[in-house]
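Dear colleague,

I am handing over the structure below, and I would be grateful if you could look through it with the notes that follow.

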Amino acid sequence: MAAHVVLPWTHRLFSNLKRWGLGVYHGLRRKNLQHYLDEFVFRFNRRRTRHAAFATLLGIGARTGPTPYHVLIGKAA
């Protein structure tokens, strides 16, 4: 049997993930795959309440200190 018949929600989740990856990033790279998936899960879990995503990001930003540039790009100081 076809996958979309047996497991419709699983098929929809993976098709949405593939479409999102191609649409937003024009392809996914293995090096940053975990970051891409974390963002997808964050957006997917908050897809019905847009204000919850903003409130969560605002809260994270308010309690997180500044990050030096060398930490962001992953190079040693």
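A residue is called buried here when its relative accessible area is under 20%, exposed when it is over 50%, and partly exposed in between. Please keep in mind throughout that this is a predicted model.

By that rule Glu 39 counts as partly exposed, because its relative accessibility is 23%, and Arg 43, at 47% relative accessibility, counts as partly exposed as well. The side chains of Glu 39 and Arg 43 meet in a salt bridge, with 2.8 Å from N to O, and a search of the whole structure finds one salt bridge. As general background, side chains of opposite charge can pair when their charged atoms come close. Glu 39 and Arg 43 are four residues apart in helix H3, so about one helical turn separates them.

Helix H3, which covers residues 33-45, also holds Phe 40 and Phe 44, and these two are likewise separated by about one helical turn, being four residues apart. The count of aromatic pairs comes to one. In that pair the ring centres of Phe 40 and Phe 44 are 5.9 Å apart and the planes stand at 20°, and because planes under 30 degrees apart count as stacked, the pair is placed in that class. The surroundings of the two rings can be given separately: Phe 40 is buried, with a relative accessible area of 12%, whereas Phe 44 is partly exposed, with a relative accessible area of 31%.

Phe 44 has a further partner, since the charged end of Arg 47 sits over its ring, 3.9 Å from the ring centre. As to where Phe 44 lies relative to the earlier part of the chain, Phe 44 and Leu 17 are 27 residues apart in sequence, and their C-alpha atoms are 9.6 Å apart in space. Another arginine placed over a ring is Arg 12, which lies over the face of Trp 9 at 5.3 Å from the ring centre.

Turning to helix H4 (residues 50-63), its 14 residues should span 20 Å at 1.5 Å a residue, and the end C-alpha atoms are 21 Å apart, which agrees with that expectation. How many of the 14 residues of H4 are buried? The number is one, so the helix lies largely in the open. Leu 58 is found in this helix, H4, and Leu 58 is exposed, because its relative accessible area is 53% and the exposed class begins over 50%. The C-alpha atoms of Leu 58 and Arg 46, which are twelve residues apart along the chain, are separated by 14 Å.

Finally, at the start of the chain, Met 1, Val 5, Val 6 and Leu 7 make a nonpolar surface patch of about 460 Å². Of these residues, Val 6 is found in helix H1 (residues 3-6), and Val 6 counts as partly exposed, at 48% relative accessibility.

With best regards

Notes: Residues numbered from 1 in each chain as written. Predicted model: local features only at pLDDT ≥ 70, side-chain atom pairs only at ≥ 80, totals over all residues. Heavy atoms only, no water. Patch = residues over 30% accessible without salt bridge, like charges linked within 9 Å, V, L, I, M, F, W, Y side chains within 5 Å. Areas by Shrake-Rupley, 256 points an atom, 1.4 Å probe, with all protein chains shown as cover. Salt bridge = Lys/Arg side-chain N within 4 Å of Asp/Glu carboxyl O. Buried < 20%, exposed > 50% of the residue type's maximum accessible area, 1.4 Å probe, protein only. Phe/Tyr/Trp six-rings, centres within 6.5 Å; stacked < 30°, edge-to-face > 60°. Lys NZ or Arg CZ within 6 Å of the ring centre and 35° of its normal. Expected span 1.5 Å × (residues − 1).
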